[in-house]
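Reader: I would like a close look at one part of this model, the turn that opens the chain and whatever it is joined to. Please go through it slowly and keep to what the coordinates give.

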Amino acid sequence: YNVDSTMNNSGQLTELKYQATNSKLKTRELIVSYSNGKVNTILIKNASSNQVSELAQTLQYNSMKGYAVESNQKVSLSDEQTLRIEVEYMSN
């Protein structure tokens, strides 16, 4: 993976970004965003394929709101299927 980091003007880490350098790796991208020194959001993009199907998956996490999973699958000789699940944190 290639790793890149972003800092704010104060020198505090605001983002880490990992990108796959090999197309055989399932996790293609991982981005971790920070706010005030704490993890704020995480984004993961996965992809895989073979002779019969292609799968793309996006995972999102927000420490204050919740998380989401989205999967797109295309199988030969059929329509593309999309699944999205969203979870929102509720306050008591």
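Author: In the hairpin of strand 1 and strand 2, five residues lie between the strands, and one of them, Gly 11, takes a positive phi near 85 degrees. Strands here are DSSP runs of E with at least two residues, numbered from the N terminus. This is a predicted model, in which local features need pLDDT of at least 70 and side-chain atom pairs count only at pLDDT 80 or more, while totals for chains, interfaces and linings use all residues. Residues are numbered from 1 along each chain as its sequence is written, and side-chain values use heavy atoms, with hydrogens and water left out.

The two arms of the hairpin, strand 1 and strand 2 (residues 13–19), pair in the antiparallel sense over six bridges; two strands count as paired if DSSP finds at least two bridges between them. Three of the facing positions can be followed along the arms. Asp 4 has Lys 17 of strand 2 as its bridge partner. Next along, Ser 5 stands opposite Leu 16, and Thr 6 stands opposite Glu 15.

Strand 2 also runs antiparallel to strand 3, and five bridges join them. On that side Tyr 18 stands opposite Leu 30 in strand 3. The hairpin thus belongs to an open sheet of seven strands in the order 1-2-3-4-5-6-7, with antiparallel pairing. Strand 1 (2–7) and strand 7 are its edge strands, each pairing on one side only. Neighbouring strands of the sheet are turned by 5 degrees against each other on average, direction ignored; the axes are lines fitted to C-alpha atoms, and angles run from 0 to 180 degrees between N-to-C directions.

Lys 17, the residue that faces Asp 4, leads on to the charged side chains, since Lys 17, Glu 29 and Lys 45 are linked in a network of salt bridges. A salt bridge is a side-chain nitrogen of Lys or Arg within 4 Å of a carboxyl oxygen of Asp or Glu. Lys 45 and Glu 29 meet at 3.9 Å, N to O. That pair links distant parts of the chain, with Lys 45 in strand 4 (residues 38–49) and Glu 29 in strand 3 (residues 27–35), 16 residues apart. Glu 29 has 13% relative accessibility, so it counts as buried, and Lys 45, at 36%, counts as partly exposed. The cut-offs are under 20% relative accessible area for buried, over 50% for exposed, and partly exposed in between, with a 1.4 Å probe and protein chains only.

Strand 4 also holds Ser 49. This residue is exposed, with a relative accessible area of 57%. Ser 49 and Leu 59 are 10 residues apart in sequence and 18 Å apart in space, C-alpha to C-alpha.

The whole structure has four salt bridges. Beyond the network, Arg 84 meets Glu 70 at 3.0 Å, N to O. Arg 84 lies in strand 7 (residues 81–88) and Glu 70 in strand 6 (residues 66–75), so this pair ties together parts that are 14 residues apart in sequence. Arg 84 also forms a salt bridge with Glu 86, the closest N and O atoms being 2.9 Å apart. Arg 84 is partly exposed at 40% relative accessible area and Glu 70 is partly exposed at 23%, whereas Glu 86 is exposed at 60%.

Arg 84 and Glu 86 are also among the residues that line the largest pocket, and others include Gln 60, Tyr 61, Lys 65, Tyr 67 and Val 87. The elements that give two or more residues to this lining are strand 5 (53–62), strand 6 and strand 7. Strand 7 supplies the largest share, four residues. A pocket is an open set of points on a 1 Å grid over the protein atoms alone where a 1.4 Å probe fits, with protein on both sides within 12 Å along at least five of seven lines; lining residues have an atom within 4 Å of a point. About 200 Å³ of space lies in this one, the volume being the space filled by probe spheres set on points joined across faces, edges and corners. The lining divides into four nonpolar, three polar and four charged residues. In that count Ala, Val, Leu, Ile, Met, Phe, Trp, Tyr, Cys and Pro are nonpolar, Asp, Glu, Lys and Arg are charged, and the others, Gly among them, are polar.
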